[in-house]
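Subject: Handing over a structure

Hi,

Here is the structure I promised to pass on to you. Have a look at it first, and then read on for what turned up in it.

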Amino acid sequence: MERKHLYSYTKHTYRPFSDQRQLITFTFNDIERTIIGTMEEKGDLIFLYEFRGNYIGTEFFISFSKKSSSYKLIKVGETVA
């Protein structure tokens with residue numbers, strides 16, 4: 001039986017973020033949440049980075065598969081300053 005290795009955040013390459021941020025709406029178990037940050041797609045995965053204030057900046061928040069049954073990306077809104 002062949003094992004498939006999944007791409008994980010630990011192998012993800014860091015990229016710097018600009019000052020532009022997005023309104024990102026997603027659900028977890030049908031509970032909707034909106035964050036301000038940046039969304040990145042890589043293959044079958046979605047990476048969400050949340051802006052946590054000027055002092056902290058933008059940090060990794062969560063990643064999930066586009067096929068996830070628990071997490072769903074609803075929309076990525078206009079960029080905010």
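Before we go in, one cut-off is needed: a residue counts as buried when its relative accessible area is under 20%, and as exposed when that area is over 50%. Please also keep in mind that this is a predicted model.

With that cut-off in hand, E40 is a good place to begin. This residue lies in strand β2, and because its relative accessibility is 14%, E40 counts as buried. Its side chain has a polar partner, too: a contact of 3.2 Å joins the side chains of E40 and Y49. Y49 in turn has F60 in β4 as its bridge partner.

For contrast, try G43, which is found in the loop between β2 and β3. Its relative accessibility is 63%, so G43 counts as exposed. If you measure from its C-alpha atom to that of S65, you should get 9.0 Å, although the two residues are 22 apart along the chain.

Now for the overall picture. The protein chain has five strands and zero helices, so to speak a β-β-β-β-β pattern when read along the sequence. Buried residues account for 26% of its 81 residues. The chain exposes about 6,200 Å², and 51% of that comes from carbon and sulfur atoms. Of the contacts between residues at least 6 apart in sequence, 41% join residues at least 24 apart.

Which strands run antiparallel, joined by seven bridges? They are β3 and β4. These two form a hairpin with six residues between them, and G53 in the turn has a positive phi of about 105°.

What makes up the largest nonpolar core? Eight residues do: I24, F26, I35, M39, I46, L48, I62 and F64. At least two residues of this core come from each of β1 (21-28), β2 (31-42), β3 (45-51) and β4 (58-65). As background, nonpolar side chains tend to be buried together in soluble globular proteins.

I35 is a handy core residue to click on. Leaving aside neighbours within four places in sequence, I35 is in contact with Q22, L23, I24, F26, L48, Y49, E50 and F61. Two names there will be familiar by now: Y49, whose side chain is in polar contact with that of E40, and L48, one of the core residues.

Happy exploring, and do write back with any questions.

Best wishes

Technical notes:
Residues are numbered from 1 along each chain as its sequence is written. This is a predicted model: local features need pLDDT of at least 70, side-chain atom pairs count only at pLDDT 80 or more; totals for chains, interfaces and linings use all residues. Side-chain values use heavy atoms; hydrogens and water are left out. Helices (H or I, at least four residues) and strands (E, at least two) are DSSP runs, numbered from the N terminus. Buried means under 20% relative accessible area, exposed over 50%, partly exposed in between (1.4 Å probe, protein chains only). Contact means heavy atoms within 4.5 Å. Accessible areas come from the Shrake-Rupley method with a 1.4 Å probe; for residues, only the protein chains shown count as cover. A nonpolar core is a set of buried Ala, Val, Leu, Ile, Met, Phe, Trp, Tyr and Cys residues joined through side-chain atoms within 4.5 Å. Two strands pair if DSSP finds at least two bridges between them. A polar contact is a pair of N or O atoms within 3.5 Å; within protein, one must be able to donate a hydrogen and the other to accept it, and residues adjacent in sequence count only if both atoms are side-chain atoms.
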